[in-house]
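Notebook open, coordinates loaded. I want to look up one sheet and the helices around it.

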Amino acid sequence: MRAGVAAGHPSTTAAGLATLRAGGSAVDAAVAMMLVSCAAETIFTGLSGGGFATVVDTAGEVTCVDFFVAVPGLDGTSPGAGTAIEVSFVGQPMPYEIGPATVAVPGVPAGAHHLWRRWGRLPWADVVAPGLAASHGTPFPLTHAVLLPVIAPAMCVGDGLQVYRRPDGTLLQAGDRLAHPDHHHAYRLLAQDPEAFYRGAYADALVAAVADGGALSAADLAAYRVVETRPRQARFDEVTVHARGDDLDDLLTTLARAAGTVPGDPTTDPASALGLVEALRGPDRRAETTNVVAVDADGGACALTTSLGLGSGVWVPGFGVHLNSMLGEGELIRESLDPGLRMGSMMSPLVALDAEGAPVAVAGAAGGSRIRPALLQVLVRMLRGASPQEAIDAPRLNALPDLVRAEPGFSPAVLAALGERDPVAVAASRDPYFGGVSALSPLGGGADPRRSGSVALL
């Protein structure tokens, strides 16, 4: 597979390519891109979020890395009440909560440093440097500008009133510069002392920021650990797909079902479209995310997905960091919210290996509950011969319990067959709602136009 990167923002992609050109590993590139995304894609992710990575080393060993958010309250503190807001996506209202009570223990700083220690080649400061540069400002993409009014109730709170609005009070538009005041202080600290995000001045400022109603304490930060696990596997034709497993929207289980129920192209084949809906049928959930993928010249690969939720509206004074709102994501809440446990997630960065153990697909997706359907539809097309960009550009559907949402581009016969079982709502155009995928394969790279994604190959 040709070395390269794909991500959800041109600035993010540029950082990954520059890192590879400097001799960095796929993990160096993925971490650099993640840190840029935490400055350039802050409507999706941030330094206070969490995520997952799936890594293939140059010997072909696959490892899943869990640096997702954890439930706070180890010191006995219980969270207060969140502030209810409502946002709507493609006409569907989604209840949500923001405020200090929604802030979970962040994992991005620890995850970035852990990944670099395990598989990085370049000096740590060099890997953080692109994020530091991005923290001074990056262009705001068109797809972000279109989405911002929808999520403004979570974004334009506290310091966000300054970050996401122009001086005249209107929301940022495409081409405007996105910059968080004081954000560079957080990146400089990360380059100098990653542990300070869990013990030290930044950690103290974070705890103080959520003191009015939040449960996060110094004990929670000190106890946080990154976790490595062996990936779960699923066979698809002659390929083995490796990814993390979770009790929410498990991609691998769905992929195994789809192998038998989606024999053709769901865009034109009614039977395949119906099989896809049955494989995907599940609840809708919302948590904004972003994804990066990287492959180096030695065969190493990394797919990495992070999320902030929608943002809590709480910012860390002096560091420009918007805190996560994962405890306000109702559908992520497990039956038991015991302090120290990881929260559930739909994120599924993956790699697919051929019979010789070589990567044939490296992919991940953003978009909450649309991660699973987006990744499944793209991956099936890629494994059946489509290039990553062709697979990503194809129209998608999402199967809710009593409704099928679809992008334009499905044949009349497919829409008629779907409509015989369920109501079908066809969107006016391609929409970020249907997820944002980035992927690499021997046929090239692909990044989602639904979220202003971009690709760069060496």
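Before counting pairs, I note the rule I'm using: two strands pair if DSSP finds at least two bridges between them. Also for the record, this is a predicted model.

Entry 1, the edge pair. I looked up β9 and strand β10 (residues 239-243), and they pair in the antiparallel sense over 5 bridges. Which residue of β10 is the bridge partner of F236? I find V239 there.

Entry 2, the whole sheet. I read off an open sheet of 6 strands, with antiparallel pairing and the order β9-β10-β15-β16-β20-β21. β9 (232-236) and β21 (444-447) are at the edges with a single partner strand each, so each has one side without a neighbour in the sheet. From one strand to the next, I get a twist that averages 15°.

Entry 3, helix α10. I checked what residues 251-261 touch: this helix, α10, packs on the sheet through β9, β10 and β15 (350-353). The direction of α10 makes about 15° with that of β9.

Entry 4, helix α12. I see α12 lying across β9, β10, β15, β16 (359-366) and β20 (436-441), and it runs at about 155° to β16. Is α12 mostly covered or mostly exposed? Mostly covered: I count 13 of its 13 residues as buried, with buried meaning under 20% relative accessible area.

I also ran a length check on α12 (residues 371-383). Its 13 residues should span 18 Å at 1.5 Å a residue, and the end C-alpha atoms are 18 Å apart, so the two agree. Just after α12, I noted G385 with a positive phi of about 110°.

Notes:
Residues are numbered from 1 along each chain as its sequence is written. This is a predicted model: local features need pLDDT of at least 70, side-chain atom pairs count only at pLDDT 80 or more; totals for chains, interfaces and linings use all residues. Side-chain values use heavy atoms; hydrogens and water are left out. The expected span of a helix is 1.5 Å times one less than its number of residues. Buried means under 20% relative accessible area, exposed over 50%, partly exposed in between (1.4 Å probe, protein chains only). Axes are lines fitted to C-alpha atoms, for helices over the stretch in contact, and angles run from 0 to 180 degrees between N-to-C directions. Contact means heavy atoms within 4.5 Å.
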